[in-house]
Amino acid sequence: MLRFKSSYLWLSLSLSIYQLNSHAAGFALSEQNASGLGNAYAGAAAVAEDASTIFFNPAGMTYLEGSQIVGALHLIRTTGDFDDRRPAGTPALGNEGGDFGSLAVIPNFYYKQDINDQFKVGIGIGTPFGLKTEYDKNWLGRFQAIKSELKTVNINPSLAWRLSEQWSFGFGISAMWAQAELTSAVNLGATESTINNKGKDWGFGYNLGAIYQITPDTRLGLAYRSKVEQHLKGDARSPFTALNGVPGSTLNTDITADLTLPETLSLSSFSRLDDHWDLLADITWTRWSQFQTLSILRDNGSNTLIGSTQEHWNNTLRYSVGLNYRYSDSIKLRTGVAYDQEAIDNDRRTSRIPGNDRLWLSFGASWQYSPQTRLDAGYAHLFIKEASIYDDQRTPAPGKGLIDGKYDGSADILSLQFTHQF
């Protein structure tokens, strides 16, 4: 639930260059490496191909020898359009909002090294959750939403232990920075203004993983990432200052926030079919049902609402399957498909997060440039199912208007990765 109440080099780099749109269900981001993108992240908790396994399943570090660094960069272009279908004669309060998508740049970094033959350690830095939607400032739904943005950076030190030839286990701790920003217009009856709400904080969680080597060519991976509780602090700012002296009504005040980022559970498989082909599969469950209400509260002693939206999201499943083809000793080709359920029912959809089910179609390739260095590239196109919305907030007066229509959208992801073994 998100409820507003009123130095790291990679962290600084991440915050300076990324703009986010959500590409998995809700506001989760799957883009944690480039090597897995070509398979639509099928088999991610079992493949253990490089140090990015720290995010997907830390037990996978036991399949890697020596010290390794991984750096990945993702370029993500999303498009989204709203089609107004309000009844004829409904007052026109603005335009349809334009393209609310954007170009995002998201980095990941991982480092892994051996302690001995049984124990491995590593650290990963990435962005597991993110969202950005932004409409034209004079669009017809501006009283409900203009800009909605969530940024996260997760620092994830991890340990892996090989118990036997069949069993490996892993554990990690997550220190996650989060910042949320929500803007909208404010309907004052005869006139209107705007409000910007912003808060940030650090939260902590953990991740667990296990891999079972069924045969020399087949293994299963099971991975769990815990929820992370955030207690954001920030402020609300508006050009409308007439109520600044009224603590329970002012639009300019300190705010605080409770934000629960949900837990996930993944079951993956990896099978080497022959000298050329690998088969990968995955199913991931996310507990989005914790996101029930989006509320903004003043933190000035009045503890009163600025606004509240009922969300009532559902838990989701993501299914994926992928293939690898070893074209030569140095070239590996990848492909994959995934079906990603959305957490939002049609009758609960809002203009802040207007997502729907997604179908991923992915391709990729690896080039072993030298015995120590590998380059990966991946591309995915996401077909996003048309989403309907009916959000009537015309009462109580003066109201926030009626949004009635359809959303169309898609996304394209291009990822590059550098892996080096020491």
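In this predicted model, Ser158 is in contact with Ile54, Pro58, Met61, Lys120, Val121, Gly122, Phe171 and Gly172, when its neighbours within four places in sequence are left aside. Ser158 belongs to strand β6, which covers residues 147-162, and the side chain of Ser158 reaches the backbone oxygen of Asn156 at a distance of 3.4 Å. The relative accessible area of Ser158 is 6%, and Ser158 is therefore counted as buried, since the cut-off for that class is under 20%.

A second buried residue, Leu402, is found in strand β20, which spans residues 401-421. Its relative accessibility is 5%, so Leu402 too falls in the buried class. With neighbours within four places in sequence again set aside, the residues in contact with Leu402 are Arg86, Pro87, Leu140, Tyr390, Asp391, Asp392 and Arg394. Thr293 stands 109 residues from Leu402 along the chain, and the C-alpha atoms of these two residues are separated by 20 Å.

Strands β8, β9, β12 and β13 can be followed through their pairings. Strands β8 and β9 run antiparallel and are joined by eight bridges, and the hairpin that leads from β8 to β9 passes through two residues. Within this pairing, Leu208 has Tyr224 of β9 as its bridge partner. Strand β9 also pairs with β12, again in the antiparallel sense and over eight bridges. In this pairing, Thr218 stands opposite Ser271 of β12, while Arg225 stands opposite Thr264 of β12. Strand β12 in turn pairs with β13 in the antiparallel sense, over nine bridges, and a hairpin through four residues joins β12 to β13. Ser271, which faces Thr218 in the pairing with β9, stands opposite Leu279 in β13.

The side chains of β9 alternate along the strand between two faces. Arg219, Gly221, Ala223 and Arg225 point to one face and are buried, whereas Thr218, Leu220, Leu222 and Tyr224 point to the other face and are not buried. The two residues of β9 named above as standing opposite residues of β12 thus belong to opposite faces, with Arg225 among the buried residues and Thr218 among those that are not.

Empty space within the model was examined next. Rolling a probe the size of a water molecule over the atoms shows where such space is left. The largest cavity holds about 550 Å³ of space. It is lined by 36 residues, and those closest to its centre are Phe55, Thr264, Ser266, Thr284 and Thr286. Two or more residues of this lining come from each of α2 (53-56), β7, β8, β9 (218-225), β12, β13 (277-286) and β16 (316-326). Among these elements, β8 gives the most to the lining of the largest cavity, with four residues. Sorted by class, the lining of the largest cavity consists of 21 nonpolar, 11 polar and four charged residues. Thr264, one of the residues closest to the centre of the cavity, is also the residue of β12 that stands opposite Arg225.

The largest pocket has a volume of about 820 Å³. Its lining is made up of 36 residues, of which Phe143, Ile306, Gly307, Gln393 and Lys400 lie nearest the centre. The elements that contribute two or more residues to this lining are β7 (167-187), β8 (192-215), β14 (293-297), β15 (305-310) and β19 (373-393). Strand β7 gives the most to the lining of the largest pocket, with six residues. By class, the lining of the largest pocket contains 16 nonpolar, 14 polar and six charged residues.

The second largest pocket contains about 450 Å³ of space. Of the 22 residues in its lining, Glu49, Arg272, Asp278, Arg326 and Lys332 are the closest to its centre. Strands β12 (264-272), β17 (331-340) and β18 (358-368) each supply at least two residues of this lining, and β18 gives the most, with three residues. In terms of class, the lining of the second largest pocket has six nonpolar, six polar and 10 charged residues. Strand β12 therefore appears in the linings of both the largest cavity and the second largest pocket.

Terms used
Residues numbered from 1 in each chain as written. Predicted model: local features only at pLDDT ≥ 70, side-chain atom pairs only at ≥ 80, totals over all residues. Heavy atoms only, no water. 1 Å grid on protein atoms, 1.4 Å probe; cavity = no way out; pocket = protein on both sides within 12 Å on 5 of 7 lines; lining within 4 Å. Points joined across faces, edges and corners; volume = space filled by probe spheres on them. Nonpolar A, V, L, I, M, F, W, Y, C, P; charged D, E, K, R; others polar. Buried < 20%, exposed > 50% of the residue type's maximum accessible area, 1.4 Å probe, protein only. Pairing = 2+ DSSP bridges. Polar contact = N/O pair within 3.5 Å; in protein donor to acceptor, adjacent residues only side chain to side chain. Contact = heavy atoms within 4.5 Å.
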